[in-house]
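Colleague: Could you take me through one part of this model slowly, as if I were new to reading structures? I would like one close look rather than a quick tour.

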Amino acid sequence: MGVLAFHLALFPAKAQTDVWDANPGALMACSYMQTGKAILTSDGYELSGRWRFASGADYADWFLLGARLERAGEIEPVIFLVPRHDVEILQTWRATGLRGTGSQDLSIERCFVPTHRIHGIRERFLGMSPGLEVNRAPLYRIPLPQLLFRVVSVPAIGALRSGLAALIDHNSLRTDITGQRVAGNPEVRLTVGEVATDIEEMLGILRDGIRQLSAAASEGRNLPLQTRMILRLQASRTAERCCRLMHRIFVAAGASGLTSDAPFGRLLADIQASRQHAANQFQPFGQSLGASLLGMEAEDSLL
């Protein structure tokens, strides 16, 4: 929800004042799925549709919702900014993991959206967002998808780190059925050592990516598309890596780690749920990078 304030900063200035003037502490939730239907009217658009996975929906004052509309003779994906009173929140989030995100479905039967409350994905990709006229700091030149991919990756690392700490505490004094200390088990030791190392490696990779993006933004230049593809793939693979590592922790916790009082099952379910997020489906992003490296061109605006 926090990074959506960044996205709002890319909208026209009037849309920003619509939100912040009324409530400087306003919260936003989103569903970027292009499932909305928009019809052009004389002074804006009529929006309807249903969207899934709007994390934090129960607490949001405004929503950012995806749709496709025809502009300049072409079908273009856009994001609509819609106030809470125009949106029906459907209590559909009955998940096996990440239950606390409250990623409910949203529904709009029909609502009016003025033209200043839309943001085109193409203009964002080209670095021509209207909000850049008023938000001129280098921060706002960082490509939005690069931030979005990281905010759904880093929590998986946090959960994995929590799992590692729990495993160390769980196994520090525990003995196995032979009476031997579990901490002396070579496989347990290897799991602890490798997970700790991989956590630092993943964090280092993500930090380096942000440094590259920040440096380019500060210098007023764009990173090459292949570099941006690599940075995206690095972020989107994170949840998959965390999934595998958390499974090793779960195994190393043994049968005594199965109880509901222990955190291992919950953390494994949470990280697996994180892996299901569209931004963490790394395979198509890897394929796009591979195609680019092989000299094949493909349209890709999530960079």
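Modeller: Happy to; what follows is a close look at strand β3 and its partners, and then at helix α8.

This is a predicted model, where local features need pLDDT of at least 70, side-chain atom pairs count only at pLDDT 80 or more, and totals for chains, interfaces and linings use all residues. Residues are numbered from 1 along each chain as its sequence is written, and side-chain values use heavy atoms, with hydrogens and water left out.

Helices (H or I, at least four residues) and strands (E, at least two) are DSSP runs, numbered from the N terminus. Strand β3 covers residues 62-71, and seven of its ten residues are buried (under 20% relative accessible area, with exposed over 50% and partly exposed in between, for a 1.4 Å probe and protein chains only). Two strands pair if DSSP finds at least two bridges between them. β3 runs parallel to β1 (residues 28-40), joined by six bridges, and Ala-67 in β3 stands opposite Gly-36. With β4 (residues 74-83), β3 runs antiparallel through ten bridges; here Gly-66 has Ile-79 as its bridge partner. Two residues separate β3 and β4 in their hairpin, and Ala-72 in the turn has a positive phi of about 55°.

Now for the helix. The 15 residues of α8 (238-252) should span 21 Å at 1.5 Å a residue, and the end C-alpha atoms are indeed 21 Å apart; the expected span is 1.5 Å times one less than the number of residues. Among the buried residues of α8 are Cys-242, Leu-245, Met-246 and Ile-249. After α8 comes Gly-254, with a positive phi near 70°.
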